[in-house]
Structures are given as C-alpha cells and as structure tokens.
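Work through the exercises below with the sequence and the model open. Try each task before reading its solution.

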Amino acid sequence: MPTFHISLNDIPPEGRTVVVDDPLVWEQPLTEFHMECRVVTPLRAEASLLPAGDGCLVRGALSGAVIVPCDRCAEDAHVLIDHHFETFETVPEQSKDGDGNEAVENDAAYITLEQGVPVLDLAGLCWEEFMLALPVKPLCQPNCKGLCASCGVNLNTGACTCPEAEGDPRLAALRAFKVKTPDH
Ligand SMILES: [Zn+2]
Ligand SMILES: [Zn+2]
C-alpha cells in the first residue's frame with residue numbers, strides 16, 4: 001500500500017506539487033469498506049502543498065470515473081469525478097504532560113506527529129475528497145423511474161402489472177374512485 005506520508009519538513013517554503021495516481025489509494029479502502037464502486041477511469045489527484053502558519057494548505061483536483069449503484073433502481077450509474085478541493089491541515093499540538101512524542105488526539109486531522117515531525121497523510125486526504133466527490137443520490141439517468149414499490153420490477157425497462165402502475169388506460173376509471181390514503 002502506498003502511503004503518501006509526506007513530512008512537512010520536506011516541503012520547501014514555496015510549496016510542492018504531488019501527484020497521487022496509485023490505484024490502491026482508493027481501491028484498498030473501497031475493498032475494505034465493501035463499497036459497491038468500480039473505478040472505470042483511473043482516479044488521479046494532483047495536490048499542491050504549501051506550508052503556512054501552523055499547518056499546511058492543500059489545494060488540489062481529483063479526476064476519474066466510477067460506476068456505483070443507482071439510488072433508485074440499483075443499476076449501474078456512471079459518475080464522472082471532477083472535484084476541486086482546498087483544505088487547511090493543522091499540525092497537532094504536542095502534549096504538555098507526556099514525554100514529548102504524544103500528540104493531542106484529533107481524528108479528523110491528516111497531519112500527525114511521527115517522532116516530533118509533522119507528517120501529512122495525503123492518501124487519507126485524497127480518499128476523503130473522493131468520498132466528498134461522490135453524489136449522495138447517484139442516478140443511472142436523470143429521469144430514472146426506479147423500481148415498482150410493489151413488485152420490484154425495474155420500471156425503466158417497462159411497466160409492471162401492479163394496480164398502481166401509471167399509464168394503463170384500463171385502470172383510469174378505477175383510479176377515479178380511489179380513496180385518498182393519508183400520507184405516511
Ligand atoms: Zn436508475
Ligand atoms: Zn409492480
């Protein structure tokens with residue numbers, strides 16, 4: 001597993017650009033978290049790292065393409081990733097009462113102290129940015145009809161025979177007499 005652990009001491013004051021294009025950066029957590037997501041165009045991040053104040057400014061772009069299940073019908077939804085990000089990572093404070101090597105716990109941070117040296121976990125940061133780039137409700141097509149709530153048929157491939165089905169003229173008369181049911 002590539003780590004992309006970058007010591008802040010190795011970044012010159014004018015900054016440094018790092019390309020993260022090792023597929024394992026994303027494929028390992030995808031497997032680990034059992035996520036239904038296939039990479040179809042390799043993911044690639046380019047991040048510029050600029051030391052500033054008590055941390056590091058990370059600006060970058062993430063691109064690629066993946067296939068995830070459609071939110072409505074569970075068929076393939078193609079998602080183009082074109083995500084720009086900018087985040088400031090802070091160096092954790094050294095604990096006062098410890099032996100000088102322990103850092104204050106901060107799970108959200110991607111900079112940790114390794115033997116007193118601040119180290120940026122760029123792979124972890126790129127994974128988080130990938131998660132942020134994924135749509136909350138991916139769709140196979142903008143007007144996906146989804147699955148019938150009664151029989152589970154994929155309504156994109158044709159109507160089912162359930163009474164509630166739209167577009168069946170034989171049921172139009174029945175629908176007119178339908179008793180209104182309260183919203184759940
Ligand atoms: Zn769909
Ligand atoms: Zn149905």
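**Exercise 1. The four-stranded sheet**

Which strands form the open sheet of four strands, and in what order do they stand?

Solution. The model is a predicted one.
Step 1: The order is β2-β3-β4-β5, and the strands pair in the antiparallel sense.
Step 2: β2 (16-20) and β5 (76-90) are the edge strands, since each of them pairs on one side only.
Step 3: With direction ignored, neighbouring strands of this sheet are turned by 10° against each other on average.
Step 4: Look at β3 (residues 38-52) and β4 (residues 55-69), an antiparallel pair with twelve bridges. Within this pair, T41 has A65 of β4 opposite.

**Exercise 2. Helices on that sheet**

Find which strands helix α1 lies across, and its angle to β3. Then do likewise for the contacts of α2 and its angle to β5.

Solution.
Step 1: α1 (residues 24-32) lies across β2, β3 and β4, and runs at about 115° to β3.
Step 2: α2 also packs on the sheet, where it touches β2, β3, β4 and β5. The direction of α2 makes about 130° with that of β5.

**Exercise 3. The three-stranded sheet**

Give the strand order of the open sheet of three strands and say which strands stand at its edges.

Solution.
Step 1: The order is β1-β7-β6, with antiparallel pairing.
Step 2: β1 (5-7) and β6 have a single partner strand each, so one side of each lacks a neighbour in the sheet; these two are the edges.
Step 3: On average, and ignoring direction, neighbouring strands here are turned by 35° against each other.
Step 4: β1 is joined to β7 by three bridges, and H5 has D121 as its bridge partner in β7.
Step 5: α2 packs on this sheet and touches β1 and β7, its direction making about 35° with that of β7.

**Exercise 4. Strand β6 and its hairpin**

Sort the residues of β6 by the face to which their side chains point, then describe the link to β7.

Solution.
Step 1: In a regular strand, side chains alternate between the two faces of the sheet.
Step 2: β6 (residues 111-114) shows this alternation: I111 and L113 point to one face and are buried, whereas T112 and E114 point to the other and are not buried.
Step 3: Four bridges connect β6 with the antiparallel strand β7 (residues 117-121). One bridge partner is P118 in β7, which pairs with L113.
Step 4: The two strands make a hairpin with two residues between them, and Q115 in the turn has a positive phi of about 50°.

**Exercise 5. Aromatic rings**

Classify the ring pair of W127 and F130 as stacked, tilted or edge-to-face.

Solution.
Step 1: There are two aromatic pairs when ring centres must lie within 6.5 Å.
Step 2: For W127 and F130 the centres are 5.8 Å apart and the planes stand at 45°, so the pair is tilted.
Step 3: Both residues are in helix α2 (residues 122-133), three residues apart, which means that about one helical turn separates them.
Step 4: W127 and F130 are both buried, and ring pairs link them with F33 into a cluster.

**Exercise 6. The zinc site**

Which residues are the protein donors of the zinc ion (ligand 1), and how are they spaced in sequence?

Solution.
Step 1: The donors are C70 (SG), C73 (SG), C140 (SG) and C144 (SG), lying 2.3 Å from the ion.
Step 2: Their spacing is C-x2-C-x66-C-x3-C.
Step 3: The angles among the four donor atoms are 106 to 113°, and the site is tetrahedral.
Step 4: Buried means under 20% relative accessible area. C70, at 4%, is therefore buried, and C73, with 4%, is buried too.

How values were computed. Residues are numbered from 1 along each chain as its sequence is written. Chains are lettered from A and ligands numbered from 1 in the order in which they are written. This is a predicted model: local features need pLDDT of at least 70, side-chain atom pairs count only at pLDDT 80 or more; totals for chains, interfaces and linings use all residues. Side-chain values use heavy atoms; hydrogens and water are left out. Rings of Phe, Tyr and Trp (its six-membered ring) pair if their centres lie within 6.5 Å; planes under 30 degrees apart count as stacked, over 60 as edge-to-face and the rest as tilted. Buried means under 20% relative accessible area, exposed over 50%, partly exposed in between (1.4 Å probe, protein chains only). Two strands pair if DSSP finds at least two bridges between them. Donors are N, O and S atoms within 2.8 Å of the metal (3.2 Å for Na, K and Ca); water is not among the atoms, so sites may look incomplete. Four donors count as tetrahedral if all angles lie between 85 and 135 degrees; four count as square planar and six as octahedral if opposite donors are over 155 degrees apart and all others between 65 and 115; anything else is irregular. Axes are lines fitted to C-alpha atoms, for helices over the stretch in contact, and angles run from 0 to 180 degrees between N-to-C directions. Contact means heavy atoms within 4.5 Å.
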